Amino acid sequence: MNVNELKLIGLHCLEDVTILDNCFVNNKDAGNANPEGYFCLKNCQKLKRLFINYGSFENYSLCEIENNFSLEEIDMGEIDCPFDVFTHASLTLRSNSHQLR
């Protein structure tokens, strides 16, 4: 709670990121965008999976995922769930990988 930034950068042995329900949420900003809210996941060479469950990062305004060449799966939120992830955010996914589908 009350964390404005989460940066996972250059963690070369990291293979899986799992963030459960309602993490990285600022209750005082409920329903409003947090302009300082920033999630960054980049340069993690062995990362294969990113899982973020509902309600997490709800007010964050930026999600950046970049240069994770082994990344195979991104799972965010749940279908038909009233609480979503990155409700107020732009999402940037960058890769030079030809395997990106």
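## A tour that starts at T18

Select T18: with a relative accessible area of 43%, this residue counts as partly exposed, a class that lies between buried (under 20% relative accessible area) and exposed (over 50%), using a 1.4 Å probe and protein chains only. Before you click further, note that this is a predicted model, in which local features need pLDDT of at least 70 and side-chain atom pairs count only at pLDDT 80 or more, while totals for chains, interfaces and linings use all residues. Residues are numbered from 1 along each chain as its sequence is written, and side-chain values use heavy atoms, with hydrogens and water left out.

**Stop 1: around T18**

T18 sits in strand β2; helices (H or I, at least four residues) and strands (E, at least two) are DSSP runs, numbered from the N terminus. Add D16 to the selection, and you will find its side chain joined to that of T18 by a polar contact of 2.8 Å. Here a polar contact is a pair of N or O atoms within 3.5 Å; within protein, one must be able to donate a hydrogen and the other to accept it, and residues adjacent in sequence count only if both atoms are side-chain atoms.

Now bring in R49 and F51. Both are in contact with T18 once neighbours within four places in sequence are left aside, where contact means heavy atoms within 4.5 Å. T18 and R49 are 31 residues apart in sequence, yet 8.2 Å separates their C-alpha atoms.

**Stop 2: the whole chain**

Zoom out and colour by secondary structure. The protein has 0 helices and 7 strands, so a strand-only string, β-β-β-β-β-β-β, is what you read from the N terminus on. Of its 101 residues, 33% count as buried. Among contacts with a separation of 6 or more, 81% are between residues 24 or more positions apart. The accessible surface is about 6300 Å², and carbon and sulfur atoms hold 48% of that; the areas come from the Shrake-Rupley method with a 1.4 Å probe, and for residues only the protein chains shown count as cover.

**Stop 3: the strands side by side**

Show β2 (16-19), β4 (49-52) and β6 (73-76). These 3 strands form an open sheet in the order β2-β4-β6, with parallel pairing. Two strands pair if DSSP finds at least two bridges between them. At the edges are β2 and β6, each pairing on one side only. From one strand to the next, the twist averages 0 degrees; axes are lines fitted to C-alpha atoms, and angles run from 0 to 180 degrees between N-to-C directions. Between β4 and β6 there are 4 bridges, and L50 has I74 as its bridge partner in β6.

Next, pick β1 (5-9) together with β3 (34-42). They run parallel, joined by 5 bridges, and K7 is bridged to C40 in β3. Which side chains of β1 are buried? L6 and L8 are, pointing to one face, while E5, K7 and I9 point to the other and are not buried. In a regular strand the side chains alternate between the two faces of the sheet.

**Stop 4: the nonpolar core**

Select I19, F39, L41, L50, I52, F57 and F86. They have the most contacts inside the largest nonpolar core, which has 17 residues. Such a core is a set of buried Ala, Val, Leu, Ile, Met, Phe, Trp, Tyr and Cys residues joined through side-chain atoms within 4.5 Å. At least two residues each come from β1, β2, β3, β4 and β5 (60-66), and β5 gives the most, with 3 residues.

Centre the view on I52. Beyond residues up to four places away in sequence, I52 touches I19, F39, F57, D75, M76, G77, V85 and F86.

**Stop 5: N68 in its loop**

Move to N68, in the loop between β5 and β6. Is N68 buried or exposed? It counts as buried, because its relative accessibility is 6%. A polar atom of the N68 side chain lies 3.0 Å from the backbone oxygen of L41, and the side chain also reaches the backbone oxygen of E66 at 3.1 Å. Not counting residues up to four places away in sequence, N68 touches L41, K42, N43, C44 and L47.

**Stop 6: two positive phi angles**

N43 is a good last selection, along with F24. N43 lies in the loop between β3 and β4 and has a positive phi of about 60 degrees although it is not a glycine; at 30% relative accessibility, N43 is partly exposed. F24, in the loop between β2 and β3, has a phi near 60 degrees, again positive in a residue other than glycine. Its relative accessibility is 22%, so F24 counts as partly exposed.
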